[in-house]
Amino acid sequence: MTCRTTPLLPLLCLALAACGKPPDLVVYVSLDQVFSEEVIRDFEQETGLHVRAEYDTEASKTVGLVRRLIEERESPRCDVFWNNEVAQTVRLAELGLLSPYDSPSAADIPERFRDPQRRWTGFAARARCLIVNTDLVPPEQTPRGMDDLFDPRWKGRCGIARPLTGTTLTHAVALYDVLGEERAEAFWSRIAAGQSDETPQVNVVGSNGQLMRLVASGTLAFGFTDTDDFNVALEKGAPVKRVFPDQEGEDPLGTLLIPTTVAVLKGAPHRPAAERFVDWILSKEIERRLAFSRSAQIPVRDDVPRPEGVVLPAKLMDVSYVSIGMQMEARTKHLTELFLRAR
Amino acid sequence: MSRTLLLAALACLALACLAPIGVMGLRLAARPEVLPDILDPRTLGLLMRTLRLGLGAAGIAILLGAPFGWLVSRTDVPLASLWRPLGLVAFILPSLLLAVTWTVLVDLRGAPMTTAVMGLGTFPIVALFTAKAAARIDARREEAALLAGGLPAVLRMELPLLLPAILCGACFSFLFAINDFAVPDYVSSVGRKFNVYADEIFATWQVDNQDARAVATALPLIALTLLALLPTLWLRRRGSLATVDSDFRRPAPLRLGRGRWPALLFCLLLVSLGAFVPIGRLLWEAGGGTTGEGWSPAHLSGAFSQAIELTHANLLASILYSAAAATLAAAVAVVLGHAIARGRWTVLLEPLVLLSLAVPAILFGIGNISLWNHTWSRAFYSGPGLVIVMLLGRYLAFPTLIDAGATTAIDPRIEEAAALAGAGPIRRLFSIDVPSMGPAIAGGWVLVFVLAMRELDAAILVPAANRMAMFKLYNMVHFGRDDFVAALALLIVFVTVVPGVLWTLLLGRRLEVMP
């Protein structure tokens, strides 16, 4: 090879790297990869379509895929967004990134889990729950709700994920919605203020998964997480039990249920394949499979079979997902200022 | 220098490093009124705290790295040739794995533990730079100092000569420490919270219609990083990091006498803290040590088999993308490094090369999306090409500075003689410079490969980077699959060190990684 052609080598490498088989469908998935990739593989086998699935990481929830969808709005390349929660999906709908699709498979899904304009549909939910280490917490002292976080006996031994991403952010915004500005602000401010203490009353950790590991290992006695995280700890044989919070009392607040959501993107390059995927994923069979998977997603339809432990809490928090989604932007900004302070 | 080659290299620099930053800069330029917002007391407080973390980590890196580098390169400490590569493991391991290990073993959290982990994870940079600088001290100087006052006199003579390299390594330690947000977050998950400025940048991107503010938020960190890199450039320009004399004589190892055994203990302790303990913990977890069944070789073998079976495609993707990025970076860096060392544009070119190193990963990733997500570039955007370009852009600065340093060490009169004899610029580059720069080019290649294999922050935003092994590893960590995750982490570490080990074993030469 002559010296004159040498400079072209890097460009040749890049050109080769750019080659690849084009997909029939592009799905962005924030449902955890270990659960969702098997489902998508089955869809490929059943339909013969080549799906490019792109996943989020636990650490980058929200900023990863949602940010990418916003950045790609001028030239969309994603067809379907399969989100592990609902508030960010509502946020995308409000930003005008989603396209209405009334899937026939969703006809029997309760209306509260569906967007009135059919831009998204919820199914296979998770619940916010307390994961309790049974070695550290005697049965009679089992925490029952969010106020137990402030019980002096648990000072420094309970926790919650930082409410800036994922389902904890949804939980935070939901509390503003159901408790009202004053009570919710008092709750989150109290947790945030304690972070400057050598031993905070409530430990604020990086993610729900991290919280689960801290409780499972006995570093913390209990804390808020999601039912899928609890199930992982349970399957690992950790000494833990699940408590659906705020179920007791005269007018209990109830437990927050967060459905998985699926939506077709506006300007989806492969619209027919996208609709086919949404129909398939919203079927009762997939909801059943997700209930029996390690994530133990809770079916939102009553007639979907499920394992014994996968149950809906008796009292659900009475929230409007659309309202939560609409408040996300302002609340995120406020919570960032509350929780990201140099102390 | 050939204009064709230089233009091609500058085009690569512009495309991979500067264009994504430029796109983001345009967003800020459209709304300059957000700039004063970033100077509120809260963000300034975070910035000062981050500055303290960086300085603390750099201080620890100096305290550990400088004596370690000197001992393994210049003295008769037992097993020096073993400690030298093992000392690098702490840097090759993702810093979060170090944090996970040490928070389990030591009951220390918050700022002290974060600073300690970042110092431990970056001390190999200082050690490497110190070792390289120590090996460049002429034997005659050392012999004279020995005759004049023994080992203390040698140390007094060598310290000023080593100091530029030590400070240069500390600058990089500072840079890595202030840009990390995973370690502070993980370490302060229990006890007093330790928020850092990188958290603020990450969180700002979640608020819609705040792009200009999000870019503006990154500016103080960019400025801080560039400030940390300025001393490096200054020292390099002064020639403080280059070979001292042209008729150089390699010095013999210094005899430590009774100090040999404490020195051995120090090396053993440091390698244990940064390599043996974290790797041992991963081996323990991979073998099922944390499960009820207890550790067993069968469990260990099973975890590795499973990790290979489930992630071989991810490992292969990581290797291919990282190797391609490292190869491209090596090619472009030779030309840019030569231009910096010999050209007239050094003052302009050096900061441009360093800019992508100073930009937070998330901003760089979003810049790449804005730049490449168009109908005409869809195949490139979705494919491995963008991952390679993104990795090239992130890390081109390292091999460029290393090659510039290596070019400085080549006598320019040889090139001038070749030019007089009729050799063209491309021929001069490939016949004179490149053969002499072998260890530097290989060192730059290995460094980019290592950093690319560890990359996660920008990769979460680039479509095809989803297939990389680090991405898979972090997703698996969430599910508490300790044995599988530990086996995959060990596989990644193994794959990451292979190129450097092969170079050293097959060619018997050390890699050059000093700018």
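**Where chain A meets chain B**

Between chain A and chain B, an area of about 5,900 Å² is buried, and carbon and sulfur atoms give 55% of that area. Before I go on, please keep in mind that what we are looking at is a predicted model. The size of an interface is often given as the accessible area lost when the parts come together, and one can also count residues: here 70 residues of chain A are in contact with 63 residues of chain B.

Let me turn to the polar side of this interface. Between the two chains there are 14 residue pairs in polar contact, counting pairs with both residues at pLDDT 80 or more. On the side of chain A that touches chain B, the elements that give two or more residues include the helices α1 (8–18) and α2 (33–47) and the strands β2 (51–55) and β7 (202–205). The largest share, six residues, comes from α11(A), and the residues on this side of chain A divide into 29 nonpolar, 17 polar and 24 charged.

Side chains of opposite charge can pair when their charged atoms come close. Over all chains, a search of the whole structure finds 36 salt bridges. Which helices hold A:E37 and B:K472? A:E37 lies in helix α2 of chain A, while B:K472 lies in helix α21 (residues 469–477) of chain B, so this pair joins two chains. The closest N and O atoms of the A:E37 and B:K472 salt bridge are 3.0 Å apart, and across the interface of chain A and chain B the rule finds three salt bridges.

Finally, let us look inside chain B, where helix α1 (residues 3–30) packs against helix α12 (residues 297–342) at an angle of about 110°, with the axes 9 Å apart. The two helices, α1(B) and α12(B), are therefore roughly perpendicular to each other. Where they meet, α1(B) brings residues including B:L5, B:L6 and B:A9, and α12(B) brings B:V332, B:V335, B:L336 and B:A339. The residues of this contact divide into ten nonpolar, no polar and no charged.

How values were computed. Residues are numbered from 1 along each chain as its sequence is written. Chains are lettered from A and ligands numbered from 1 in the order in which they are written. Side-chain values use heavy atoms; hydrogens and water are left out. Contact means heavy atoms within 4.5 Å. Buried area is the accessible area (1.4 Å probe) that two parts lose on being put together, summed over both. A salt bridge is a side-chain nitrogen of Lys or Arg within 4 Å of a carboxyl oxygen of Asp or Glu. A polar contact is a pair of N or O atoms within 3.5 Å; within protein, one must be able to donate a hydrogen and the other to accept it, and residues adjacent in sequence count only if both atoms are side-chain atoms. Helices (H or I, at least four residues) and strands (E, at least two) are DSSP runs, numbered from the N terminus. Ala, Val, Leu, Ile, Met, Phe, Trp, Tyr, Cys and Pro count as nonpolar, Asp, Glu, Lys and Arg as charged, and the others, Gly among them, as polar. Axes are lines fitted to C-alpha atoms, for helices over the stretch in contact, and angles run from 0 to 180 degrees between N-to-C directions. Angles under 35 degrees count as roughly parallel, over 145 as roughly antiparallel, 65 to 115 as roughly perpendicular and the rest as oblique.
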